[in-house]
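Here are a few notes to read alongside the model, written for someone meeting a structure of this kind in a first course. Please keep the sequence and the 3D view open while you go through the points.

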Amino acid sequence: MTPNDIRYLYNSKTGIELIFCGRSTISYPLHNHVSVLTIGIILDGSIVLTTNQAAKTYTKNQTFLIAPYVPHSISKSTKFEL
(Lines give C-alpha, C1' and ligand atoms only; values in the text may rest on other atoms or scores of the structure.)
Protein backbone atom coordinates (compact mmCIF):
# COMPACT_ATOMS: atom_id res chain seq x y z
CA MET A 1 0.00 0.00 0.00
CA THR A 2 1.13 3.53 -0.69
CA PRO A 3 1.21 6.25 2.01
CA ASN A 4 -2.28 7.25 3.15
CA ASP A 5 -3.82 4.55 0.94
CA ILE A 6 -7.15 3.69 2.62
CA ARG A 7 -9.40 0.80 1.65
CA TYR A 8 -12.73 -0.21 3.17
CA LEU A 9 -14.45 -3.59 3.12
CA TYR A 10 -18.02 -3.67 4.42
CA ASN A 11 -20.30 -6.68 4.79
CA SER A 12 -23.94 -5.53 4.87
CA LYS A 13 -25.13 -8.90 6.19
CA THR A 14 -22.95 -8.77 9.31
CA GLY A 15 -22.54 -5.00 9.60
CA ILE A 16 -18.78 -5.45 9.96
CA GLU A 17 -16.39 -2.96 8.40
CA LEU A 18 -12.68 -3.62 7.86
CA ILE A 19 -10.44 -0.65 7.18
CA PHE A 20 -6.93 -0.96 5.73
CA CYS A 21 -4.65 2.07 6.04
CA GLY A 22 -1.17 2.05 4.55
CA ARG A 23 1.52 4.16 6.26
CA SER A 24 -1.13 6.66 7.28
CA THR A 25 -0.46 10.09 8.70
CA ILE A 26 -4.15 10.98 8.90
CA SER A 27 -6.07 11.64 12.12
CA TYR A 28 -9.86 11.32 12.24
CA PRO A 29 -11.96 13.81 14.24
CA LEU A 30 -14.87 12.75 16.45
CA HIS A 31 -17.42 10.77 14.41
CA ASN A 32 -19.43 7.54 14.54
CA HIS A 33 -20.45 4.74 12.24
CA VAL A 34 -24.15 3.97 11.85
CA SER A 35 -24.95 0.25 12.16
CA VAL A 36 -21.27 -0.70 11.69
CA LEU A 37 -19.02 -2.70 13.99
CA THR A 38 -15.45 -1.63 13.26
CA ILE A 39 -12.55 -3.99 13.94
CA GLY A 40 -9.01 -2.63 13.82
CA ILE A 41 -5.63 -4.38 13.92
CA ILE A 42 -2.51 -2.27 14.19
CA LEU A 43 -0.02 -3.73 11.71
CA ASP A 44 2.67 -1.10 12.35
CA GLY A 45 3.07 2.15 14.27
CA SER A 46 0.54 3.33 16.82
CA ILE A 47 -2.71 5.27 17.22
CA VAL A 48 -4.65 6.88 20.04
CA LEU A 49 -8.32 5.86 19.99
CA THR A 50 -10.64 8.06 22.05
CA THR A 51 -14.13 6.85 23.00
CA ASN A 52 -16.34 8.13 25.81
CA GLN A 53 -13.67 10.67 26.78
CA ALA A 54 -11.16 7.88 27.46
CA ALA A 55 -8.04 7.70 25.30
CA LYS A 56 -6.09 4.49 24.76
CA THR A 57 -2.93 3.95 22.73
CA TYR A 58 -2.79 0.89 20.48
CA THR A 59 0.48 -0.39 19.05
CA LYS A 60 1.66 -3.08 16.64
CA ASN A 61 -0.27 -6.36 16.84
CA GLN A 62 -3.02 -4.95 19.07
CA THR A 63 -6.68 -5.00 18.07
CA PHE A 64 -9.59 -2.72 18.88
CA LEU A 65 -13.36 -2.77 18.41
CA ILE A 66 -15.68 0.18 17.97
CA ALA A 67 -19.35 -0.63 18.42
CA PRO A 68 -21.99 0.92 16.15
CA TYR A 69 -23.00 4.49 17.03
CA VAL A 70 -20.11 5.00 19.49
CA PRO A 71 -18.52 8.44 18.97
CA HIS A 72 -14.77 8.08 18.55
CA SER A 73 -11.69 9.78 17.18
CA ILE A 74 -8.33 8.44 16.03
CA SER A 75 -5.12 10.39 16.41
CA LYS A 76 -1.85 9.22 15.03
CA SER A 77 1.04 8.72 17.42
CA THR A 78 3.30 7.72 14.55
CA LYS A 79 2.74 6.66 10.97
CA PHE A 80 0.53 3.63 11.24
CA GLU A 81 -0.87 0.73 9.27
CA LEU A 82 -4.23 -0.84 10.05
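**Notes on the sheet, a threonine and an aromatic pair**

1. Aspartate 5 has glycine 22, in S2, as its bridge partner. This pair of residues belongs to a longer match, since S1 and strand S2 (residues 16-22) are paired in the antiparallel sense over 7 bridges. Please bear in mind throughout that the model is predicted.

2. Looking at the wider arrangement, 4 strands make up an open sheet with mixed pairing, and their order is S1-S2-S4-S7. Strand S1 (5-11) and strand S7 (63-66) are at the edges, and because each has a single partner strand, one side of each is left without a neighbour in the sheet. From one strand to the next, the twist averages 20°. As background, strands of a sheet pair through backbone hydrogen bonds, and they may do so either parallel or antiparallel.

3. Threonine 57 lies in strand S6 (residues 54-59), and is threonine 57 buried, exposed or partly exposed? Its relative accessibility is 43%, so threonine 57 counts as partly exposed, given that this class falls between 20% and 50%.

4. Leaving aside residues up to four places away in sequence, threonine 57 touches Ser46, Ile47, Val48, Gln62 and Ser77. For threonine 57 and isoleucine 47, a separation of 10 residues in sequence goes with 5.7 Å in space, C-alpha to C-alpha.

5. The structure contains 1 aromatic pair. It is formed by tyrosine 58 and phenylalanine 64 and is tilted, with 5.4 Å centre to centre and 50° between the planes. Tyrosine 58 is buried at a relative accessible area of 12%, and phenylalanine 64 is buried at 4%.

Methods
Residues are numbered from 1 along each chain as its sequence is written. This is a predicted model: local features need pLDDT of at least 70, side-chain atom pairs count only at pLDDT 80 or more; totals for chains, interfaces and linings use all residues. Side-chain values use heavy atoms; hydrogens and water are left out. Buried means under 20% relative accessible area, exposed over 50%, partly exposed in between (1.4 Å probe, protein chains only). Contact means heavy atoms within 4.5 Å. Two strands pair if DSSP finds at least two bridges between them. Helices (H or I, at least four residues) and strands (E, at least two) are DSSP runs, numbered from the N terminus. Axes are lines fitted to C-alpha atoms, for helices over the stretch in contact, and angles run from 0 to 180 degrees between N-to-C directions. Rings of Phe, Tyr and Trp (its six-membered ring) pair if their centres lie within 6.5 Å; planes under 30 degrees apart count as stacked, over 60 as edge-to-face and the rest as tilted.
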